[in-house]
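Here are some notes to read alongside the model, written for someone who is new to looking at structures. Please keep the sequence and the 3D view open while going through the points.

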Amino acid sequence: MSTRPPVVVMPPESDGGRPVTIRGEPAETAYSLFDVMDLVHRAGLPAEDRAIDDPELIEWRGGGPYDWNANGTADAPNG
């Protein structure tokens, strides 16, 4: 029997924020991957960098961990 991951990151909204739920409860809106990892850490879940791609920990809806634009495209890297 499969279980749902404890963290769900919803698709980007018009302002680029992504609502996050933890254990089925609304948490906050994340505006970056760092915000998501902070929420994961504060919830007492493992927050190692490799955890962002762990489907047993985080379900990414409407784009992956690098998609923060409302149109679903990844932000351009800085530099």
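1. A good place to begin is the salt bridge between E28 and R42, in which the closest N and O atoms are 2.6 Å apart. E28 lies in strand 3 (residues 25-30) whereas R42 lies in helix 1 (residues 33-42), so the pair ties together parts that are 14 residues apart in sequence. As for the surroundings of the two partners, E28 counts as partly exposed, with a relative accessibility of 43%, while R42 is exposed, its relative accessible area being 51%. Please bear in mind throughout that this is a predicted model.

2. R42 also takes part in a salt bridge with D38, where the side chains meet at 3.1 Å, counted from N to O. Here both residues belong to helix 1, and they sit four residues apart, which is about one turn of the helix. D38 counts as partly exposed, at 36% relative accessibility.

3. How many salt bridges does a search of the whole structure find? The search finds four, and one of the pairs is R4 with E59, whose side chains meet at 2.8 Å, N to O. This pair links distant parts of the chain, since R4 is in the segment before strand 1 (7-9) and E59 is in strand 4 (residues 58-60), 55 residues apart. R4 is exposed, with a relative accessible area of 57%, whereas E59 is partly exposed, with a relative accessible area of 21%. R4 and E59 are also linked with R61 in a network of salt bridges.

4. It may help to place these pairs in the overall layout. The chain has one helix and four strands, and, read from the N terminus, its elements follow the order β-β-β-α-β. Of the contacts in the chain with a separation of 6 or more, 40% are between residues 24 or more positions apart.

5. The next point concerns the surface and the interior. Of the 79 residues in the chain, 33% are buried. The accessible surface of the chain comes to about 5,100 Å², and carbon and sulfur atoms account for 52% of that surface.

6. P19 is worth finding in the 3D view, and its place is in strand 2 (residues 18-22). At 22% relative accessibility P19 counts as partly exposed, because buried would require a value under 20%. If neighbours within four places in sequence are left aside, P19 is in contact with V8, V9, M10, P11, E13, E28 and T29, and E28 in this list is the residue that forms the salt bridge with R42. P19 and V36 are 17 residues apart in sequence, and their C-alpha atoms are 9.6 Å apart in space.

7. The last point is about D67, which lies in the segment after strand 4. Is D67 buried or exposed, and which side chain of opposite charge is nearest? D67 is buried yet has no salt bridge, and the nearest side chain of opposite charge, that of R18, is 5.3 Å away. The distance to R18 is beyond the cut-off, because a salt bridge needs the nitrogen and the carboxyl oxygen within 4 Å of each other. A polar atom of the D67 side chain does, however, lie 2.6 Å from the backbone nitrogen of G64.

Terms used. Residues are numbered from 1 along each chain as its sequence is written. This is a predicted model: local features need pLDDT of at least 70, side-chain atom pairs count only at pLDDT 80 or more; totals for chains, interfaces and linings use all residues. Side-chain values use heavy atoms; hydrogens and water are left out. Helices (H or I, at least four residues) and strands (E, at least two) are DSSP runs, numbered from the N terminus. Buried means under 20% relative accessible area, exposed over 50%, partly exposed in between (1.4 Å probe, protein chains only). Contact means heavy atoms within 4.5 Å. Accessible areas come from the Shrake-Rupley method with a 1.4 Å probe; for residues, only the protein chains shown count as cover. Lys and Arg count as positive and Asp and Glu as negative; His and the chain ends are not counted. A polar contact is a pair of N or O atoms within 3.5 Å; within protein, one must be able to donate a hydrogen and the other to accept it, and residues adjacent in sequence count only if both atoms are side-chain atoms.
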